[in-house]
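Got the model open in your viewer? Let's walk through it one chain at a time.

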Amino acid sequence: MRVEDVAAPQSLQEAIAFLKRRPQAMPWAGGTLIMTKGDRAGNDRPVSILDLHGIPELTAVHRSDRFLELGACVTLSTILSLPGSLSLDPLREGIRSIATASVRNLATIGGNVSAHGFFMTCFSALACMDAAVELRDVTGSRWAGIHTLIGDDGRPSFPDSTILTRIRIPSLHWDFATIRRLGEQARDEPCPASFSAAARVEKGTIMELRLVAAGRTIVRDRSLELSLIGQRLPLTPKMIEAAESAAYDMALERELDAPRAGRYGSAVAAFLYDMQGQSR
Amino acid sequence: MIIDFILNGEDVSTQAEPMERLSDLLREKFQQSSLMSDCLEGRCGKCLVFLGGHLVNSCLVPAFRVRAAEIITYEGFKSTDTHELVHTSFDQEGIELCGFCDAAVYMAAGSLLDAAAQPSDDTIMETISSVYCRCATPSATMQAIHAAVDLKFGGKYGRAR
């Protein structure tokens, strides 16, 4: 990667002004992915870098009764150090599985979410938690569900010439949450594919359920989730087998390779078994 | 581009390519020989430095990112009381680290002592696992760090001495 120039704006207005002049500029937050895997084009084209780490708004953490708002340049280690009383279980677990503590001091949540070509670990956790993202470009800013960063083909589709500025996570309590890897990391992938799940159970009935697999594509089968929501625990082995099979089929449809699709199906079944085991 | 920053308490300035790795920059232009550029992926942890007070892998930091920042390498860390504490504790536990690991392990241990509160076992394990070191077992390293923490915090959890 050949760097033509580096801008280090001190405010979002300055960053947007730079983006207006250089729409192809590469936003730089922690930079851990680019430093290890190179940029997505992988060629020697000259690039302008927009270094975001000096913008105070992007490193702020705000908390209200209804949600937690993280600036896009908040580091992963900062998120781990947030009070344990916040219901961030899937995200925390996911972050703990990422690299080492010293790398997490550099890596940012925004960088993890807006990686090109692959859904990284935090994405599946945030998708599970119904997070929203604030995107800013030369035309202004807008809030959107994190699912707007998923293309119709299930692949990442982060808009060009846009900065991710904030991530809003609803303060919902999850009774059960998990995140796990779906096998080993392939050579050309920045991290292993991941499975995230979260559920809320009231009086022995599943009230909310999220099952997400993320890798090159994202797999979330809303109809499977809806078929399980409202069911009383314990689920019958037949129902869990059916859920496993439906998850496997959906993963294949979303072009996950067969071994990973199998692991996704098994992970769904394991989560359902764990959930009813713990709720006894 | 010209990069101005603070290295071990001194204002320094140098000419560097924007994407030059900080580990290379510090070794080649500032003779910080304790830094090893080994894996270049943030796995081995042999290039740890404090950047703005945070322990980071300098091989993952491009030169442009350190403009106006404060960096402490092992050469600077060696002269601190924290290093003295860590070194004493490791000696007392009988841990001998090789020349490849010692700087990074001492700095990782030092980062735990600079925190406001006593670190938990999980935090110690996670921080120490930033350095790929086979000179000592994790349990021995943990004991040494606990000893250093006790020396630093006076054995009183979360309270002033």
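What follows is a short tour of each chain's elements, dimensions, burial and contacts.

A word on the ground rules: this is a predicted model, in which local features need pLDDT of at least 70 and side-chain atom pairs count only at pLDDT 80 or more, while totals for chains, interfaces and linings use all residues. Residues are numbered from 1 along each chain as its sequence is written, with chains lettered from A and ligands numbered from 1 in the order in which they are written.

**Select chain A**

Switch to cartoon and you'll find ten helices and twelve strands in chain A (DSSP runs, with H or I over at least four residues for helices and E over at least two for strands, numbered from the N terminus). Chain A has a radius of gyration of 19 Å, close to the 19 Å from the globule rule for 280 residues, so it is as compact as a globular protein of that length (C-alpha atoms are used, and the rule is 2.2 Å times the number of residues to the power 0.38). Turn the C-alpha trace along its principal axes and chain A spans about 60 × 40 × 35 Å.

Now color by burial: 45% of the 280 residues in chain A are buried, meaning 20 or more other C-beta atoms within 10 Å of a residue's own, with C-beta atoms placed from the backbone.

**Select chain B**

Here you get six helices and five strands. Trace chain B from the N terminus and the elements go β-β-α-β-β-β-α-α-α-α-α. The C-alpha trace of chain B spans about 50 × 35 × 25 Å along its principal axes, and 42% of its 161 residues count as buried.

How values were computed:
Buried ≥ 20, exposed ≤ 12 C-beta atoms within 10 Å, placed from the backbone.
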